[in-house]
Amino acid sequence: MKSNYMLSKQLAKRMIIVHPPEPRKDLLLTNPNEGVYIGKTRFLHTPVFWDPSKLINPHISIIGITGSGKSYTVKTFLTRASLIWNSNAIILDWVGEYDKWVRQAGGRVINLARERLNILDLVGLPKQSRIKQIISAFDVLADLKSFPQERDEIEDALENIYDMKRKPELSDLVKYLERKNRKKAARLLKRFTAEGSDFFAGKSSLDIKALTTSGLVCVDLHELPTEEMRSLAGLTLLQYIKELMRAEGMREDKKIRLFVVLDEAWKIAQDERSDVIAIVREGRKYNFSLIIATQNPTDMHKTIFSNIGTIFVLRTILKEYRDYVRSSIGYSDFVDSEISKFGVGDAAVNMIFSERQNKVMTFLLDKIDGEDPLFLYRIGGGKMDIEIEREQFIRMLYELGLNEGQIEIIRKEFEKKDGVVEGESIVEMLERFGYSKSSIISFLRQVGFEEKNLIRIFSLAKMRKATKGVVNVVVEG
Ligand SMILES: Nc1ncnc2c1ncn2[C@@H]1O[C@H](COP(=O)(O)OP(=O)(O)O)[C@@H](O)[C@H]1O
Ligand SMILES: [Mg+2]
């Protein structure tokens, strides 16, 4: 009996040491009005709050494969941060995956493809330094490096044009070059003044300063015609933001003024000259926070990495990537192997607190504890559309007896159609899954449709089936 007791006591001791250390509770816990709740630690279940007043800097990086939950983490974080601090956020959205959420969260979406950014704007800089930036922008856009003579001519023209005009535009530059008979140089730039690719020509239509103080803003870059243009637009916006940041001056309090979010923006986080580096280096003084999410950490410049106080490592499979992260923040073999096995939303977190600690530690989070915004599905039924909360609808599908795969098919259909699916498509899918007309009718009734709408939905579904039949016959014939 006694030895048994000893054994379990020893065992209990062992149990304590088998789990990796977690930071002290007082570092992780914060008054919910002062920190953003993230989730609970895996072993001691301590709630984790992100509190910039306890951290060495307000920057955040999120790493993980596609689908691991990076964007979800960003959304959850920004939603809570804006509730606590009423903070502003500007998201540079490369792939157009934020616009729907930002609209739902009451924010603003700017489609950059419908705007103009005057590349010759001085952005508050002295002429000389801006000219350097513009030339390197043209290196990207027009491959100027391959035309050294024209490159010199353009630089020379820029010098002159700022003396001639207070707010010159690209077309002024082209005209100037033409006047001076620098035909080839003019031609290199002229195509960026032609309709359709004149995004950087003409007067800026955006008030960037206003954007940085407008709550939640998504700058959607994905409709710009080329990757170069997206990068360049991103870089130009960051130049503006950096200059605004410097002009605003420093702050005593630690309230974040602006979150700058770069999601999958590896192209511009890589470049030595990129202003991402300036923002990350100086942001702390000005209470500007950079949030940078990427699937490939090796694309993130080392300087950026070493200036980030909070790192979320979500599922990462490639050993090369894990090794890169590990060499920057350090963690045990155990954590390393867990990271490769993570499910969606699981995270290893590394926070550097401003209070000195013996050892910075990377701890495991049970899951990023997200808040899905209320998502509404709309089912079309002629005169009467039904709106139903997504989770509720999915619960009802489960109750009807659909399996995971079938539910996924319906979910995808809603996603594809931006949340609106016609009733007859639902009927069609359910019939395909083997449901009888009567069970579908009672399901749709439960969803909220009235009799006359049901009749209409079913006759449309029938018509569709009939026309499909005809098409099939024609194809086969
Ligand atoms: N912590 C989480 N809890 C619940 N669902 C999550 C979580 N993280 C991600 N998801 C879901 O997983 C899917 C992929 O997430 P997403 O953020 O788009 O991945 P990534 O940006 O890394 O490609 C989304 O449907 C998202 O809603
Ligand atoms: Mg994403």
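**Exercise 1. Strand β6 and its partners**

Strand β5 (residues 108-111) pairs with β6 in the parallel sense, through four bridges. Find which other strand pairs with β6 in the parallel sense over five bridges, and state which residues stand opposite D220.

Solution.
Step 1. This is a predicted model, and the pairings are read from its coordinates.
Step 2. The partner over five bridges is strand β4 (residues 88-93), also in the parallel sense.
Step 3. On the β4 side, D93 stands opposite D220. On the β5 side, N111 stands opposite D220.
Step 4. As background, strands of a sheet pair through backbone hydrogen bonds, either parallel or antiparallel.

**Exercise 2. The two faces of β6**

Determine which residues of β6 point one way, which point the other way, and how many of its five residues are buried.

Solution.
Step 1. Sort the residues by direction: L216, C218 and D220 point one way, while V217 and V219 point the other way.
Step 2. Check burial: all of these residues are buried.
Step 3. Strand β6 (residues 216-220) is therefore mostly covered, with five of its five residues buried, given the cut-off of 20 or more other C-beta atoms within 10 Å.

**Exercise 3. A three-stranded sheet and a helix across it**

Give the strand order of the open sheet that contains β12, its edge strands, and the helix that lies across β12 and β13.

Solution.
Step 1. The sheet is open, has three strands in the order β13-β12-β14, and its pairing is mixed.
Step 2. Its edge strands, each pairing on one side only, are β13 (386-389) and β14 (420-422).
Step 3. From one strand to the next the twist averages 25°.
Step 4. Strand β12 (residues 376-380) runs antiparallel to β13, and four bridges join them. In this pair, I379 stands opposite I386 of β13.
Step 5. The helix is α16 (residues 390-400), which lies across β12 and β13 and runs at about 90° to β13.

**Exercise 4. Classifying L397**

Decide whether L397 is buried, partly exposed or exposed, and list its contacts beyond four places in sequence.

Solution.
Step 1. L397 is located in helix α16.
Step 2. Count the other C-beta atoms within 10 Å of L397: there are 18.
Step 3. A buried residue needs 20 or more and an exposed one has 12 or fewer, so L397 is partly exposed.
Step 4. Leaving aside neighbours within four places in sequence, L397 is in contact with L402, I407 and I410.
Step 5. For a link back to β6, L397 and V219 are 178 residues apart in sequence and 36 Å apart in space, C-alpha to C-alpha.

**Exercise 5. The surroundings of ligand 1**

State which residues come nearest to ligand 1, and break its shell down by class.

Solution.
Step 1. There are 13 residues around ligand 1, of which G69, K70, S71, Y72 and G345 come nearest.
Step 2. By class, the shell has three nonpolar, eight polar and two charged residues.

**Exercise 6. The whole chain and its confidence**

Report the share of buried residues in the protein, its secondary structure, and the stretch where pLDDT is below 50.

Solution.
Step 1. Of the 477 residues, 38% are buried.
Step 2. The protein has 20 helices and 14 strands.
Step 3. Among contacts with a separation of 6 or more, 71% join residues 24 or more positions apart.
Step 4. The average pLDDT is 88, and 92% of the residues score at least 70.
Step 5. The stretch below 50 is residues 471-477, which has zero contacts in the model beyond near neighbours in sequence.
Step 6. Where pLDDT is low, the predicted coordinates should not be read in detail.

Conventions. Residues are numbered from 1 along each chain as its sequence is written. Chains are lettered from A and ligands numbered from 1 in the order in which they are written. This is a predicted model: local features need pLDDT of at least 70, side-chain atom pairs count only at pLDDT 80 or more; totals for chains, interfaces and linings use all residues. A residue is near a molecule or strand if its C-beta atom, placed from the backbone, lies within 6 Å of it. Ala, Val, Leu, Ile, Met, Phe, Trp, Tyr, Cys and Pro count as nonpolar, Asp, Glu, Lys and Arg as charged, and the others, Gly among them, as polar. Two strands pair if DSSP finds at least two bridges between them. Axes are lines fitted to C-alpha atoms, for helices over the stretch in contact, and angles run from 0 to 180 degrees between N-to-C directions. Two residues are in contact if their C-beta atoms, placed from the backbone, lie within 7 Å. pLDDT is the predictor's confidence in each residue, from 0 to 100.
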